[in-house]
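Reader: Please take me in close on one part of this model, starting from the whole chain and working inwards. I'd like one connected story rather than a list.

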Amino acid sequence: GWVYVHLEVQGDMQATFAERMFVYHYRLYDRYRKPIASLAVLADDQAHWQPDSFRYEVFGCSLGLCFPVAKLLDWVGSEALLEDSGNPFAVITLAHLATRSTRNDAAARYAAKWTLVQGLYRRGWNKQQVIDLFKVLDWMMRLPKELDAQLWQNLETLEEETHMNYISSVERIGIEKGYEKDE
């Protein structure tokens, strides 16, 4: 049977987040009349904010929703475990943590991004997976123009050395302009 997945990624603490999860959940159920799995990814900086349910009760009637939560901040200190994982979401989590920790340090962000990009090639993923994850990394971990140019040059060298040509110059131009290349 069908199960619809409702995924919310929340970047900032919001008092009404759990209620919004509930509202979206019941709207999806009302529309499709199929089971809904509501999941939350919390990408905020507040260690103790972790809403996982919404309920209300009035005149003996109660209604609510409990939902699983992945708090990205909980992975601080577990970067080595994420680096060893074959799960693409581990790479995204590493990128998120690196983006947070290098917020005001372009050189450190460059180093972290380069390490993550090299990891994409080491994991043995297919070309499309590498390109898709690279686009996410590139979007999350913005660099100044000169460091971005250095990253692209390093990437070209890496592809030549490893004989893995995943991102062509045409794809690079498309990524830089924000376009997606159809294959």
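Author: Let's start wide. Of the contacts between residues at least 6 apart in sequence, 64% join residues at least 24 apart; a contact here means heavy atoms within 4.5 Å. Before we go on, this is a predicted model, so local features need pLDDT of at least 70 and side-chain atom pairs count only at pLDDT 80 or more, while totals for chains, interfaces and linings use all residues. Residues are numbered from 1 along each chain as its sequence is written, and side-chain values use heavy atoms, with hydrogens and water left out.

The chain has seven helices and five strands, which are DSSP runs numbered from the N terminus (helices H or I, at least four residues; strands E, at least two). From the N terminus, the order is β-α-β-β-β-β-α-α-α-α-α-α. Of its 183 residues, 37% count as buried, that is, under 20% relative accessible area, with exposed meaning over 50% and partly exposed in between (1.4 Å probe, protein chains only).

Now for the close look, at the largest pocket. A pocket is an open set of points on a 1 Å grid over the protein atoms alone, where a 1.4 Å probe fits and protein lies on both sides within 12 Å along at least five of seven lines; lining residues have an atom within 4 Å of a point. About 680 Å³ of space lies in this one, the volume being the space filled by probe spheres set on the points, which are joined across faces, edges and corners. Its lining runs to 26 residues, and those nearest the centre are Val9, Val41, Ala43, Leu72 and Ile92. By class, the lining splits into 18 nonpolar, four polar and four charged; Ala, Val, Leu, Ile, Met, Phe, Trp, Tyr, Cys and Pro count as nonpolar, Asp, Glu, Lys and Arg as charged, and the others, Gly among them, as polar.

Where does the lining come from? At least two residues each are supplied by strand S1 (4-10), S2, strand S5 (69-71), H3 and helix H5 (127-140). H3 gives the largest share, seven residues, so let's follow that helix.

Thr93 sits in H3 and is buried at 9% relative accessibility. Leaving aside residues up to four places away in sequence, Thr93 touches Leu72, Trp75 and Leu82. Leu72 has come up already, as one of the residues nearest the centre of the pocket.

H3 (residues 88-101) also packs against H4, at an angle of about 175 degrees with the axes 10 Å apart. Axes are lines fitted to C-alpha atoms, for helices over the stretch in contact, and angles run from 0 to 180 degrees between N-to-C directions. The two helices are therefore roughly antiparallel, the word for angles over 145 degrees (under 35 is roughly parallel, 65 to 115 roughly perpendicular, the rest oblique). On the H3 side, Val91, Leu94, Ala95, Ala98 and Thr99 meet Arg109, Ala112, Leu116 and Leu120 of H4. That contact has seven nonpolar, one polar and one charged residues.

Ala108 belongs to H4 (residues 106-122) and is partly exposed, at 30% relative accessible area. Ala108 and Ala98 are 10 residues apart in sequence and 8.8 Å apart in space, C-alpha to C-alpha.
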